[in-house]
Amino acid sequence: MTKILKTIEELQDFVRNIKKSGNSVGFVPTMGALHEGHLTLARTALKNCDACIVSIFVNPKQFAPHEDFDRYPRMMDKDTALLRTIGVDAVFAPDVETMYPIGYQTTVTVGEVSKPLEGEFRPTHFAGVATVVARLLLLVGADKAFFGEKDYQQLQVITQMATDLAIPTKIVGVPIVREESGLALSSRNAYLSGQEKKIADQLNVVLFAMADELKAGTDIAHIEKNAAQKLLDLGFDSIDYCTIRDAKTLMPPTAETKARRILAAVKLGKTRLIDNIAAN
Ligand code: AMP
């Protein structure tokens, strides 16, 4: 039985009962419109913990005024039915007033790691994410919380925040779930027309080709320039970034870089897509 929890009191009673019997809690925060990527996070939580709570909350603070908050897909009944089929123990679906009660004043901002890439193109986004995730992590008090590598910089930002604020929940990253075409699953893929979808399918192909060129020793600036041109030729409308970075700092690689990551954000019609892959 999957319980639907709306209030903080219901959530905390539920968690208290699980913990009372010595069981561990896994937590998966989402904005709903669930797909196999989200379900993989929930299955990973169920595998690693005795109970799994998934939150569904479209967080207004992480959308800029010109972004897609109003049209973001909302499908609570379908989402809860899906979570029920995989045996999630509870869904926490708070109202905006529950997450941000009247008089709410605090914003959480994370430093360097939130500044490049997404931070440059969506300057208020990570403060919104860090604020809601901090509040959710503290409200739930889970043993582990699971985040997708799909939002790779977000995972680094949250890991940094949890370390800095000594939030006791362990942050666990989960690999990206992709369609057969290689397109990373995303709730925003629902915005794509048939023709746009065909173009979107090529984004990951370009990233994997960049990884091959990097392996072959091609100069980074050259790889990035070629990839950007390739994306435009394929039909993407604009490129916010398509770049090879230090996998931890997300800054350009240096002599100290241990692992690299290739990350891209592109626009296709009204849709903004992000993707990333590991690189050697
Ligand atoms: P969202 O509902 O978009 O805020 O995403 C909720 C969580 O699901 C985040 O931790 C995302 O990184 C993760 N997620 C979204 N898409 C995928 C995917 N294709 N593979 C793995 N995790 C994902």
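Q: What makes the pair of Gly148 and an oxygen atom of the ligand a polar contact?
A: A polar contact is a pair of N or O atoms within 3.5 Å; within protein, one must also be able to donate a hydrogen and the other to accept it, and residues adjacent in sequence count only if both atoms are side-chain atoms. A backbone N or O atom of Gly148 lies 2.9 Å from an oxygen atom of the ligand, so the pair qualifies. This is a predicted model, in which local features need pLDDT of at least 70 and side-chain atom pairs pLDDT 80 or more, while totals for chains, interfaces and linings use all residues. Residues are numbered from 1 along each chain as its sequence is written, and side-chain values use heavy atoms, leaving out hydrogens and water.

Q: How do you know that the protein buries the ligand?
A: Taken alone, the ligand exposes 490 Å², and the protein buries 92% of that (accessible areas by the Shrake-Rupley method with a 1.4 Å probe; for residues, only the protein chains shown count as cover).

Q: What makes a residue part of the group that surrounds the ligand?
A: One of its heavy atoms must lie within 4 Å of the ligand. There are 17 such residues, and the closest are Met31, Gly148, Asp151, Val177 and Leu185.

Q: How do you know that domain 1 and domain 2 bury area between them?
A: Buried area is the accessible area (1.4 Å probe) that two parts lose on being put together, summed over both. For these domains it is about 1800 Å², with 53% from carbon and sulfur atoms. In domain 1, Arg71, Leu117 and Tyr152 lose the most area to domain 2, together 34% of what that side buries.
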